[in-house]
Amino acid sequence: MSDFPRRPPPGPGSSSLDAEQDPNRSITPLETPAASANPVLAPPPRPRQPPVAGMPLGGSQPPEPTRSRAAQPAPLPSVIFDPMPRPRVPPAQSASVAPPAPPPFDGEMLDVQTERRTAPPGPPPPPPEGDRRGGASFASSQDPERRAAPGPERRGSDADRRGPAPSPGGPDRRGAGAAPQGYVGPERRGFRRGEASDAPATNRFWPAQPKSLQDAGLTTTFVEELVLKAIFFAGEMRGMDVATRLQLPTTLVDEVIEGLRRQKYIDIRGGGSSGVGRSTMIYQLTTFVTDVLRQILDRNRYNGPAPVPFNEWVAAVKQQTVRGNRITRQRMQDKFGDLIIRDYIFDGIGPAMNSGRAIFFYGPPGNGKTAICQGMVNCYEGDIFVPHAVLIDDFVVKMFDANIHRAVEDEPGAPSYDRRWVRCRRPLVVVGGELTLEMLDLVYTPEVKYYEAPFQMKASNGMLLIDDFGRQKVSPKDLLNRWIVPLESDVDILTLHTGKKIQVPFDVFAAFSTNLDPSALVDDAFLRRVRYKLEVQRPDEEQFHEIFQVMCKKRGVPYDARAVDYLIDEHYRPANRPFAACQPRDLLDQVIDMAHYQGMSPRLEPALLDAAVRSYFVRFDKPQTSSPTSASAG
């Protein structure tokens, strides 16, 4: 181009470049211990009904057992325990005996509290039809005589923390008027695998801390092998260090270690420097384990955190999907940092990100296609959980990669979760000319006998950028054929070394980027599956100034618009040299290096800019028919 007229600056509208309940806890704030054969009863003033074994969930009640009044202790304050939302009269509390202090709130317990209310004298109204709740305590509240029977006292001040209750027949405080399907026994908060009871009240995936090996989806034999390999490779380890290596709760690992001790496979070498218990003991292998350990190492040599079952990982990927986002223009503008991009790029990548499917970037090199993809990942809010490893048909597949997954720290007060998962930002995986078809399948290493997950599997719930498309060793046609099925069905087919094929979710926002002629690379079948295509154009002169100003601010160099005009007038217009978004950064780095070499502070001055241009553009200025000597002389 022969002329670069200065355009007016852009207007104001332009844009610039969760856990399961503890099994040892059997009573929640609304529960009472099961009644014994001869319970010790406290006389009213405030009756409380204990659950009775064998009591039906609703309807008629069994006859009340005869109790001896002689066995009654001195009167103690009690609490009205009536989980049914209906009016009742709280009896007066004895002034001579102070109520016990309220127990500390336990976040793991069910946060459901009953209410204290007053009602006119007379028999209590019957509960609304259909409001039947499982558990003996709820059924007993429907019988006025049974409800008035005193029970053993546990939490004398629960009523002090109660607030107003809903009217009879109104909605239940827990959000459901009827008991959930399959509900039996005392009222406790259950959980599904991957949803902790103390996890945030959202639909996000939250891996629950396993309370048993069955919850973890692992067998005792598999965990024993992991323990033996961990001690073998370390020589000796403390019990807590073994639990840290396996990322399993210490109580579970201690049980496995004790089982190995009974089999005489490991022994205690000594105790730790501080603390008591099996977790501080130092363990080492015995001679009885030699043959067993050889067989274990011949099967696989994986030594790391315990893997997650394959079906749990699949469920987690679906729950943390990258599809169906609602990303707006205003939200995007704050996520690209100091990247100077045009409005049409926002309008092109925004809808593509909301679809979560795929996008195809094309255009000349050095104009920010990779940088745009990095900014796109930042537009996805929240973080995801990535497992250290996945167990597929007794084969371990390593998933977490510190070079790809950026772990985030837990905020103070965050609920606990299964440490076999790593809390990370959504990943961005970039592969370029080094990509081959073998790298897109499970990588099995015969020496260690476990797998490494391929790039697209590590990029799950994130972005996968195929950069420099068309420059790979494999032909573009073969590479495109490899992506046809994943892009169409969101399922990828991987092959084990045994020949078995498995289906894994392809929940990836794929982006293809090339600086070659797209017409020579892609066909109609590929273009049909990649619905969004976006050309990344070169910056104009005004944007070139803006990028230079941003780079000077980042590098700590004073910005001088006259120096940039000099650069354009002397080295761009006469040579008809096109702009590129990467050139201000590269030229400025050259200026800084040369200024430091000359012992001066970096600044934009003609001499330094001339030297930077001679070093940076020499290969582009070389004529096609010139010899190496004449090219260097020019």
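# Loops, strands and rings in a predicted chain

Gln209 lies in the loop between helix α2 (144–148) and helix α3 (213–216), where helices are DSSP runs of H or I with at least four residues, strands are DSSP runs of E with at least two, and both are numbered from the N terminus. The model is predicted, so local features are reported only at a pLDDT of at least 70 and side-chain atom pairs only at pLDDT 80 or more, whereas totals for chains, interfaces and linings use all residues. Residues are numbered from 1 along each chain as its sequence is written, and side-chain values use heavy atoms, with hydrogens and water left out.

Although Gln209 belongs to a loop, Gln209 is buried, with a relative accessible area of 18%. Here buried means under 20% relative accessible area, exposed means over 50%, and partly exposed lies in between, computed with a 1.4 Å probe and protein chains only. The side chain of Gln209 reaches the backbone oxygen of Tyr417 at 3.4 Å.

Turning to the chain as a whole, there are 19 helices and 17 strands, and 46% of the 634 residues count as buried. The structure holds zero disulfides, a disulfide being a pair of cysteine sulfur atoms within 2.5 Å. Two cysteines can still be described by their cover: Cys552 is buried, with a relative accessible area of 1%, and Cys582, at 19% relative accessibility, counts as buried.

How are the five strands of the open sheet ordered? The order is β4-β7-β8-β12-β11, and the pairing is mixed; two strands pair if DSSP finds at least two bridges between them. Strands β4 (308–309) and β11 (443–445) stand at the edges with a single partner strand each, so one side of each is left without a neighbour in the sheet. Strand β11 is joined to strand β12 (residues 450–452) by three bridges, and these two strands run antiparallel. Within this pairing, Tyr444 has Tyr451 of β12 as its bridge partner, and the loop between β11 and β12 contains Lys449, which counts as partly exposed at 24% relative accessibility.

A second pairing involves strand β6 (residues 384–387), from which Ile384 and Val386 point one way and Phe385 and Pro387 the other way, with all of them buried. In a regular strand the side chains alternate between the two faces of the sheet. Strand β6 pairs with strand β9 (residues 421–424) in the antiparallel sense over four bridges, and the bridge partner of Phe385 in β9 is Arg423.

Helix α6 (residues 250–262) allows a simple check of length, because its 13 residues at 1.5 Å a residue should span 18 Å, and the C-alpha atoms at its ends are indeed 18 Å apart. The expected span is 1.5 Å times one less than the number of residues. Among the buried residues of α6 are Leu252, Val256, Ile257 and Leu260. Gln247 lies in the loop between α5 (239–246) and α6, and at 23% relative accessibility Gln247 counts as partly exposed. Just after α6 comes Lys264, which takes a positive phi. Most residues other than glycine have a negative phi, and most peptide bonds are trans. The table lists residues with a positive phi.

| Residue | Phi |
|---|---|
| Gln247 | about 55 degrees |
| Lys264 | about 65 degrees |
| Lys449 | about 65 degrees |

The last topic is the aromatic side chains. A search of the whole structure finds 21 aromatic pairs, in which rings of Phe, Tyr and Trp (its six-membered ring) have centres within 6.5 Å, with planes under 30 degrees apart counted as stacked, over 60 as edge-to-face and the rest as tilted. One pair, Phe310 with Trp313, is tilted, with 6.0 Å from centre to centre and 40 degrees between the planes. These two residues stand three apart in helix α8 (residues 310–319), so about one helical turn separates Phe310 from Trp313. Trp313 is buried, with a relative accessible area of 3%.

Another pair, Phe360 with Tyr362, is stacked, at 6.1 Å centre to centre and 25 degrees between the planes. Its two members differ in cover, as Phe360 is buried with a relative accessible area of 2%, while Tyr362 counts as partly exposed at 26% relative accessibility. Finally, Phe544, Phe548, Tyr572, Phe579, Tyr616 and Phe617 form one aromatic cluster.

Methods
Polar contact = N/O pair within 3.5 Å; in protein donor to acceptor, adjacent residues only side chain to side chain.
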